[in-house]
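Here are my notes on the model you asked about. Keep the structure open beside you and go through the points one by one.

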Amino acid sequence: MKKSSSNSSSSERETSGSLKILDQKYSIIRNLGGTVNTKAHLVKDIITSDILAIKIAQKEEKDELEREYDFLTSFDHPNIIKPFIYVSEGALVSEDENKLLSYKTEDEEYFDSKECAYFTLKFYENGDLFENISRGGPVHEGMARYYFLQLVNAVEYLHLRNVAHRDIKLDNILLDDNFQAMLIDFGFSEECRLKVGDKLDDCERANIRGTKGYISPEQLYADGNDLICFKKCDIFALGVVLFILLKGVRPFESPTRDDEKYQYLILKKNSYFWKMHQMKRREFSNKVYSILSHEVKSLVCDLLNPDPNKRPDISEIKEHPWFAKKEVLSDEEIKKLMSDRILN
Ligand SMILES: Nc1ncnc2c1ncn2[C@@H]1O[C@H](COP(=O)(O)OP(=O)(O)OP(=O)(O)O)[C@@H](O)[C@H]1O
Ligand SMILES: [Mg+2]
């Protein structure tokens, strides 16, 4: 699986040239990822030698970053990342001369001002779920369920506060030191508070946010005047996440009528959808957990339902027999299983 980026144009880029220093306090070790507007870096505190992550934006994109920081600091949930400090007037310079910084790429030059804004975060060395699944293959149903339960709890917390994440994907789920899921990247998050008539409704004017392959069909087909429910878009993305955890590959390229796999979900031929995946599977041949329970398959198809009105909301997901099952792996078991995956 290749990493796909959020829907502003982006690519993986490394900082070039000499060592970069942020506010004479942090030296930048490497790029962790990110889009053109914001980037995450691994940094070292020059005085204390502490290793941290920072999320940084150049001056022009400062409001976007500040908005993300405000969202993050307004939450208090074990599966949602908590940032440390926000600096609105930082300066990123090269070590040798205090000269203007530029990040050079093949076709463009950007981040050409040394003025920037950033916030700091604890660095989680176990990486994100995308890297974990790409390297180690799919996980068995019990592990997928463990993570899905945590994600649903985090998303329930957001939805109850009328916030939609809008970019749920494996790359935006970090694993903390105990391999617990940690939702990150609230750059696209929005409050859903549109007034329809005289009451608040869950819907908002349609705009496309998210990452290809996780973006719901109603966003792809909407025009600017349509109303869509951003929370239901999050549910769709949760369905993609659950599928990838179980199968190690994407469920489809894009949820459209001409997609050879998604069309079966549109036609309500769910068994063909699963058969297509059985036939195409070559990767991870020694680790395939191809026999999935009927219950988990039905939940995945519910989450990926093309019709947002028929897609369950969080409370309905919690009532689904697969979700409501009593057996859950313990935190210790998950730590052991995940540590073993990293070693192998
Ligand atoms: N605190 C952290 N510890 C370890 N890795 C991190 C941390 N924060 C971010 N990352 C890594 O950096 C990547 C990019 O971070 P983030 O998603 O916040 O940036 P972004 O600019 O919104 O990127 P994108 O548009 O690609 O999602 C993440 O997918 C994750 O792998
Ligand atoms: Mg991200």
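**Notes on the barrel, the ligand and a helix pair**

1. Let's start with one pair of residues: tyrosine 26 has aspartate 45 in E3 as its bridge partner. Before you go further, remember that this is a predicted model.

2. That pair belongs to a longer ladder. Strand E2 (residues 26-34) and strand E3 (residues 38-45) run antiparallel, joined by 7 bridges. Another rung to look for is isoleucine 28, which is partnered by valine 43 in E3. How many residues sit between E2 and E3 in their hairpin? There are 3.

3. Now step back to the strand before E2. Strand E1 (residues 20-22) pairs with E2 in the antiparallel sense, over 2 bridges. Here isoleucine 21 is the residue opposite serine 27 of E2. E1 and E2 make a hairpin too, with 3 residues between the strands, and in it aspartate 23 has a positive phi near 50°.

4. Going the other way, E3 also pairs with strand E4 (residues 51-58), again antiparallel, and 7 bridges hold this pairing. Try finding leucine 42: its bridge partner in E4 is alanine 53. The hairpin of E3 and E4 has 5 residues between the strands, and serine 49 is the one to check there, as it takes a positive phi near 65°.

5. Put the strands together and you get a closed barrel. It has 6 strands in the order E1-E2-E3-E4-E8-E5, and the pairing is antiparallel. From one strand to the next, the twist averages 45°. As you trace a strand, keep a general point in mind: side chains in a regular strand alternate between the two faces of the sheet.

6. A helix goes with this barrel. Helix H1 (residues 62-74) lies across E3, E4, strand E5 (86-94) and E8, and its direction is at about 20° to E8.

7. Next, the ligand. Which residues come nearest to ligand 1? Out of the 23 around it, they are Ser6, Gly33, Gly34, Ala53 and Asp185. The elements giving two or more residues to this shell are E2, E3, E4 and strand E8 (115-122). By type, the shell has 8 nonpolar, 9 polar and 6 charged residues. You've met Ala53 already, as the bridge partner of leucine 42.

8. Why does ligand 1 lie between two domains? Domain 1 (10-122) and domain 2 (129-343) both contribute residues to the shell, so the ligand lies between them.

9. Last, a helix pair. Helix H5 (residues 230-247) packs against helix H8 (residues 294-303) at an angle of about 145°, and their axes are 8 Å apart. H5 passes H8 in a left-handed crossing. On the H5 side, the contact is made by Ile235, Phe236, Leu238, Gly239, Leu242, Phe243 and Leu246, while H8 brings Val296, Val300 and Leu303. Sort these residues by type and you get 9 nonpolar, 1 polar and no charged.

Key
Residues are numbered from 1 along each chain as its sequence is written. Chains are lettered from A and ligands numbered from 1 in the order in which they are written. This is a predicted model: local features need pLDDT of at least 70, side-chain atom pairs count only at pLDDT 80 or more; totals for chains, interfaces and linings use all residues. Two strands pair if DSSP finds at least two bridges between them. Helices (H or I, at least four residues) and strands (E, at least two) are DSSP runs, numbered from the N terminus. A residue is near a molecule or strand if its C-beta atom, placed from the backbone, lies within 6 Å of it. Ala, Val, Leu, Ile, Met, Phe, Trp, Tyr, Cys and Pro count as nonpolar, Asp, Glu, Lys and Arg as charged, and the others, Gly among them, as polar. Domain bounds come from an automatic or database domain assignment. Axes are lines fitted to C-alpha atoms, for helices over the stretch in contact, and angles run from 0 to 180 degrees between N-to-C directions. A crossing is left-handed if the near helix is turned anticlockwise from the far one by less than a right angle, and right-handed if clockwise. Two residues are in contact if their C-beta atoms, placed from the backbone, lie within 7 Å.
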